[in-house]
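User: I am new to this structure, and I would like to see how each term used for it follows from a computed value. Please take me through it step by step.

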Amino acid sequence: MTKDDIALEADLLGKRYGGRRGRGWALRECDFALPAGRICALVGPNGAGKSTLLALAAGLLRPTEGTIGAPAREDLAYVAQDKPLHPRLSVADTLRMGRELNPGRWDSALAERIVEGGGFSSDTLVHHLSGGQRTRVALALALGKRPGLLLLDEPMADLDPLARHQLMGVLMADAAEHGTTVVMSSHILTELEGACDHLLLLHGGRVRLDGAVDELLAAHTLLTGPVADLAPHTVVESRTTGRQLTALIRHEGPVEGPWETSEPSLEDLLLAHLRTTEGAPA
């Protein structure tokens, strides 16, 4: 890939908080290159470094070591977990601010479509909105900007299932139409399956998996059968019940042996790697 083909990349990226007696390293030695136009699921347990990575990409934090390459501020939009909006502005004033801060690229029709159906009028003050309603306004601001790179930190957590489904549909359709690169962290695995085509798994502040979802799934195999030696394959997770073995492996060549095999789902893949402390090599 050339530089023009990459939307976001990190080179030995690290972020440490609070010095020697502080929280320590939130990220360490992170290397990845996200191709432009991908919808990337950013996954990991609490404390894995997901929010720190997104804040670094948005330019809100400076790395302690290494570098992160992202588009210029005007071509990037970031929605943080707490959805920071000015509480004394109305919804209409908030969208007007978005238009004035992004002259020549603001999409009023899209922004207004996202806030529609939220159960509030355009003159409602932000501090009167519920969490889910604030999410709608924050997403309207981000998408209305028409960014090349959209960073979303747990964007749908405050929404009910119907609103989540509706807004995910709008987000995915718009990203596909305009080639927007999206990086979205979420703990809702079903929200990611079928929507994301790239995976970035963080564990302990380091990258454990990075790649196209279809390629990662094809590189892994679920197998069940009698207990036997799995070499030369990398065992991500295995469980033994009596004489029966169930395992997820990262295969090295054909999987031969007395086992039943199948390709894992994205949920199978993520849960196995998340349950494994060190994870298999990326």
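User: Why is L150 called buried?

Analyst: In this predicted model, L150 has a relative accessible area of 0%, and because a residue counts as buried when that area is under 20%, L150 is buried. L150 belongs to strand β6, and, leaving aside its neighbours within four places in sequence, it is in contact with A77, A142, L143, L171, T180, T181, V182 and V183.

User: How far apart in space are L150 and M184?

Analyst: Along the chain, L150 and M184 are 34 residues apart, while their C-alpha atoms are separated by 8.2 Å.

User: What is the strand order of the sheet that includes β6, and which strands stand at its edges?

Analyst: The order is β5-β6-β7-β3-β8-β9, in an open sheet of six strands with mixed pairing. β5 (76-79) and β9 (206-212) are the edge strands, because each has a single partner strand, so that one side of each is left without a neighbour in the sheet. On average, and with direction ignored, neighbouring strands of this sheet are turned by 15 degrees against each other.

User: What makes β3 and β7 a pair, and in which sense do they run?

Analyst: Two strands pair if at least two bridges are found between them, and strand β3 (residues 39-43) is joined to strand β7 (residues 181-185) by four bridges, with the two strands running parallel. Within this pairing, L42 stands opposite S185 in β7. By contrast, β8 and β9 run antiparallel and are joined by six bridges, with L209 in β9 as the bridge partner of L201. The hairpin of β8 and β9 has two residues between the strands, and G204 there takes a positive phi near 65 degrees.

User: Why is β9 described as largely enclosed?

Analyst: Of the seven residues of β9, five are buried, so this strand is largely enclosed by the rest of the structure.

User: Which helices lie across strands of the six-stranded sheet, and at what angles do they run?

Analyst: Helix α1 (residues 50-57) lies across β3, β5, β6 (149-153), β7 and β8 (198-203), and its direction makes an angle of about 150 degrees with β6. Helix α4 (residues 131-144) lies across β5 and β6, running at about 170 degrees to β5.

User: How do you know that α3 is roughly antiparallel to α5?

Analyst: Helix α3 (residues 108-115) packs against helix α5 (residues 161-178) at an angle of about 160 degrees, with the axes 10 Å apart. Because angles over 145 degrees count as roughly antiparallel, α3 is roughly antiparallel to α5. The crossing of α3 with α5 is left-handed.

User: Which residues meet where α3 and α5 pack, and of what classes are they?

Analyst: On the α3 side L110, R113 and I114 take part, and they meet L167, V170 and D174 in α5. Sorted by class, this contact has four nonpolar, no polar and two charged residues.

User: What is the strand order of the four-stranded sheet, and what makes two of its strands edge strands?

Analyst: The four strands form an open sheet in the order β11-β12-β10-β13, with antiparallel pairing. β11 (234-241) and β13 (260-262) are at the edges because each has a single partner strand, so one side of each is left without a neighbour in the sheet. From one strand to the next, the twist averages 15 degrees.

User: How many bridges join the strands of this sheet?

Analyst: β11 and strand β12 (residues 244-250) pair over seven bridges in the antiparallel sense, and Q244 in β12 is the bridge partner of T241. β10 and β12 are also antiparallel and joined by seven bridges, with T221 opposite I249 in β12. Three bridges, again antiparallel, pair β10 with β13, where T261 in β13 is the bridge partner of L223.

User: Why does L248 count as buried, and what is it in contact with?

Analyst: L248, which is found in strand β12, has 3% relative accessibility, and because the cut-off for buried is under 20%, L248 counts as buried. Leaving aside neighbours within four places in sequence, its contacts include H220, T221, L222, V235, D268, L269 and A272. Helix α8 (residues 266-275) lies across β10 (220-226), β11 and β12, and runs at about 90 degrees to β11.

How values were computed:
Residues numbered from 1 in each chain as written. Predicted model: local features only at pLDDT ≥ 70, side-chain atom pairs only at ≥ 80, totals over all residues. Heavy atoms only, no water. Axes fitted to C-alpha atoms, helices over the stretch in contact; angles between N-to-C directions. Contact = heavy atoms within 4.5 Å. Parallel < 35°, antiparallel > 145°, perpendicular 65-115°, else oblique. Left-handed = near helix turned anticlockwise from the far one by under 90°. Nonpolar A, V, L, I, M, F, W, Y, C, P; charged D, E, K, R; others polar. Buried < 20%, exposed > 50% of the residue type's maximum accessible area, 1.4 Å probe, protein only.
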